[in-house]
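I opened this one to go through aromatic rings, cysteines and internal space. My notes follow in the order I looked things up.

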Amino acid sequence: MPTQGLEEKQVVWLAECGRGDVATVGGKNASLGEMLNSLTKKGIQVPDGFATTSDAYWSFIDDNALRPVITDALNDLQNGSVSLAETGKRIRSAILRGTWPSDTAEAIGAAYEELSRRGGRTDIDVAVRSSATAEDLPDASFAGQQESLLNITGKDALLVACRRCFASLFTDRAISYRIAKGFDHMKVALSIGVQAMVRSDKGASGVAFSIDPESGFDRVIVINAAWGLGENVVQGTVDPDEYVTFKPLLETSGYRPIVEKLLGRKEQKMIYGTDGSETENVPTSKAEQARYVLSDDDILSLSRWIATIEDHYGCPMDVEWARDGESGELFIVQARPETVQSRRDTSVFKTYTVKSKGKVLTTGSSVGGAIVAGKVCLLDSPDDIEQFVDGSILVATNTDPDWVPVMKRAAGIITDHGGRTSHAAIVSRELGLPAIVGTGDATHQLHSRQDVTVSCAEGAEGFVYEGIADFEARDVVLDHIANTRTKVMLNLANPAAAFRWWQMPADGVGLARMEFVIGNHIRIHPMALVQHETLRDQAARQEIDVLTQGYDDKTEYFVDKLSQGLARIAATVYPKPVIVRMSDFKTNEYANLIGGTQFEPHEDNPMIGFRGASRYTSPQYRDGFALECRAIRRLRDELGFTNVVMMIPFCRSPEEARQVVDVLAENGLKRGERQLEIYVMCEIPANVILAKDFAAHFDGFSIGSNDLTQLTLGIDRDCELLADLFDEQNDAVKWMIERVIATAHPLGAKVGICGQAPSDHPEFAEFLVDCGIDSISVTPDSFITVKDHVAAAEQRGGSTSGRGAVEPENAQIAAAEA
């Protein structure tokens with residue numbers, strides 16, 4: 001409901017406004033007033049300020065007889081007799097020449113004096129922001145169409161700034177935007193918000209979303225942060241830090257659910273101007289570039305505020321924040337509804353598969369989750385719009401609202417600078433375009449008319465490939481998926497891509513491969529961190545020093561990155577179980593990690609060599625395994641993901657099982673404490689033959705069908721000459737599967753399987769259901785197929801109890817009869 005009496009005033013205090021006052025003070029100012037009224041009592045800080053009303057705008061327009069000037073100019077544009085640029089310049093010039101009605105100027109001056117008095121200053125420095133009556137509405141998502149000015153001091157300067165804001169209602173981009181949205185130009189007014197400056201020029205600022213702006217995953221908060229004033233983050237002229245927190249655990253005592261921290265380059269910052277200008281950009285120091293902008297405490301405090309704002313508004317929010325460099329306090333300076341992901345149809349999404357591709361030309365942050373191929377069109381300025389070829393891939397240093405007309409004609413966008421909350425990223429999402437931002441070098445690596453492929457479908461990192469790649473797109477519909485008694489879970493390895501699958505109605509993650517995180521995100525052999533000072537490979541030491549910059553304790557880098565990488569996977573399906581397999585590199589794969597050659601023996605057959613459980617208890621790797629355990633302990637005990645189940649790979653004997661469980665307990669991971677479950681991979685015939693003994697040490701078995709097949713049949717799974725003989729449905733392999741299920745279930749141990757066969761062969765899925773398998777874990781692209789196969793098998797009379805269909809002593813007979 002509108003606040004009574006506001007429409008009769010020229011100037012109102014923000015605290016007098018609420019979100020029902022958009023028609024009077026615009027969406028931006030109405031939201032600031034809403035927060036001042038309702039959320040400051042909950043500890044959220046919003047800078048004090050006032051706003052001019054729409055009545056003040058029309059008073060200025062009418063006092064200067066500008067209605068006919070504006071109407072005539074817009075009619076000429078509509079008739080095609082003048083260009084958009086000529087129209088905008090004509091109207092803006094008329095407004096800038098206008099003079100203030102005395103009562104309006106007096107009201108603004110009086111409010112400024114009072115704001116200065118409240119701030120304990122004679123002439124307080126203020127931020128002056130435009131707030132159009134049609135901006136920040138649910139169906140008007142392009143925020144930032146009008147002017148924002150920072151560090152304005154004095155009444156005269158304020159009146160000049162306000163006039164500039166009025167004129168900005170008729171920038172070329174604002175005019176074209178209203179035409180595209182169907183807004184009547186003469187029914188859109190402009191309110192001006194004037195707030196006391198937060199001294200983020202000496203501190204930091206940024207943007208945050210209460211939803212992942214890329215995947216639409218609504219249980220995380222994404223924060224971008226950079227040094228100095230916030231315009232650089234908004235406009236994408238700086239590559240910010242990025243932090244991700246998990247909302248459901250933010251209020252749980254003792255948990256600190258920061259699931260990702262990415263260090264941005266942050267090569268410049270905006271500060272107060274020193275040459276007479278209001279602001280200026282200066283380079284950041286190497287120390288500023290090398291450290292995170294926000295402390296963990298600030299990240300969590302800001303996240304709780306954003307969650308509170310979202311809860312109050314009842315929808316995902318797009319928030320701008322600032323940290324005062326003098327007081328260290330955090331402030332919210334803007335908040336508006338998020339308008340892209342929150343409206344997306346979550347019952348359907350598109351997946352992409354790259355079949356063949358050229359070399360990687362550059363990388364950055366991916367936006368849009370799609371793939372597009374075409375020719376590059378590199379532009380230095382939006383003024384070069386005539387040079388743009390429709391349907392090309394736009395390459396630019398960065399973008400601002402002046403680029404929107406060009407962006408609308410592009411098939412994809414690549415920028416040198418910017419993060420996932422920058423202008424280029426936000427507009428690309430709104431336009432449905434794939435974009436790669438923050439590459440650092442796209443304008444140097446790419447050239448116009450060059451064939452490239454822009455891939456934003458492989459996780460958080462986007463890739464620009466040389467040439468036209470061969471890729472496939474597929475629509476996945478989620479609204480008609482059958483319920484099954486047998487759990488169907490996902491195999492996930494890449495943390496960067498995990499959020500893409502949050503919509504899948506999976507029963508958890510049946511296999512999260514730790515070695516993928518180590519190999520692709522950490523890249524360093526854990527023992528090279530433990531024994532960094534005695535590392536003989538000097539080149540490796542230097543590379544490690546670069547990667548671990550900012551970590552006094554090198555091992556903390558491993559624990560930090562591993563726990564956060566796994567946390568992204570665990571968050572995707574929380575509170576459903578996530579089975580994390582401890583590292584299962586072979587010695588040759590470990591040796592390929594940075595610094596790894598010093599710690600790994602040469603083996604002729606590493607597939608059945610020094611791998612899995614044997615490493616964890618060995619003096620050669622025990623300290624490295626301790627780092628893995630520290631990461632799991634942090635994941636569960638500090639971040640709060642108690643849904644994580646541990647799994648031990650390649651465990652050869654019950655005695656080895658006992659030793660590993662003891663080592664885990666020594667590292668603070670005792671089976672049964674805090675609901676910790678420990679599984680074992682069932683991939684060696686001994687795991688089946690001695691299943692009863694293994695079940696004494698583990699809570700469940702996960703059948704690794706590839707290794708179990710090769711070791712049961714004596715076939716190297718990588719041998720092309722024997723590929724025709726490698727068959728997961730061989731009777732011997734099926735006997736093994738049936739036997740372990742029948743043995744484990746009476747002992748209370750669960751049994752699952754992770755492999756491709758259930759998706760390729762419906763009859764194999766039926767076999768597993770008939771055996772009473774508890775869960776089947778598959779890759780996301782196979783999930784729907786396997787779910788259908790399992791549902792069909794259950795309808796045909798498969799397992800009804802989810803427990804073993806064959807007693808252990810009868811398993812061999814049943815397999816033979818089958």
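Started with Phe246 and Tyr574: both are buried. This is a predicted model, so no experiment stands behind these positions.

**Aromatic pairs**

I counted 19 aromatic pairs in the structure. I took Tyr243 with Tyr292 and found an edge-to-face pair, 6.1 Å centre to centre with 65° between the planes. Tyr243 sits in strand β8 (residues 241-246), while Tyr292 sits in the loop between α9 (286-290) and α10 (296-313), so this pair ties together parts 49 residues apart in sequence. Buried or exposed? I checked each partner: Tyr243 has 0% relative accessibility and counts as buried, whereas Tyr292 has 21% and counts as partly exposed.

Back to Phe246 and Tyr574: they also form an edge-to-face pair, with 5.4 Å between centres and 80° between planes. I traced where they sit, and the pair links distant parts of the chain. Phe246 is in strand β8 and Tyr574 is in the loop between α18 (554-573) and β25 (578-581), 328 residues apart.

I also noted a cluster in which ring pairs link Tyr57, Trp58, Phe60, Trp100 and Phe166.

**Charges over rings**

I found Arg568 over the face of Phe499, 3.9 Å from the ring centre. Arg19 lies over the face of Tyr313, at 5.0 Å from the ring centre.

**Cysteines**

How many disulfides does a search of the whole structure find? I got zero. I looked at two cysteines to see why. For Cys377 the closest cysteine sulfur is in Cys456, 18 Å away, which is too far for a bond. Cys377 counts as buried, because its relative accessibility is 7%. For Cys651 the closest cysteine sulfur is in Cys682, at 11 Å, again too far for a bond. Cys651 is buried too, with 0% relative accessibility.

**Cavities**

I found two cavities of 30 Å³ or more. The largest holds about 180 Å³ of space. It is lined by 19 residues, and the closest to its centre are Arg129, Ser200, Gly230, Ala322 and Val333. I listed the elements that give two or more residues to this lining: β3 (125-132), β5 (190-196), β6 (204-209), α8 (231-235) and β12 (317-323). Which element gives the most? That is β12, with three residues. I sorted the lining of the largest cavity by type and got eleven nonpolar, five polar and three charged residues.

Technical notes:
Residues numbered from 1 in each chain as written. Predicted model: local features only at pLDDT ≥ 70, side-chain atom pairs only at ≥ 80, totals over all residues. Heavy atoms only, no water. 1 Å grid on protein atoms, 1.4 Å probe; cavity = no way out; pocket = protein on both sides within 12 Å on 5 of 7 lines; lining within 4 Å. Points joined across faces, edges and corners; volume = space filled by probe spheres on them. Helix = DSSP H or I, 4+ residues; strand = E, 2+ residues; numbered from the N terminus. Nonpolar A, V, L, I, M, F, W, Y, C, P; charged D, E, K, R; others polar. Disulfide = S-S within 2.5 Å. Buried < 20%, exposed > 50% of the residue type's maximum accessible area, 1.4 Å probe, protein only. Phe/Tyr/Trp six-rings, centres within 6.5 Å; stacked < 30°, edge-to-face > 60°. Lys NZ or Arg CZ within 6 Å of the ring centre and 35° of its normal.
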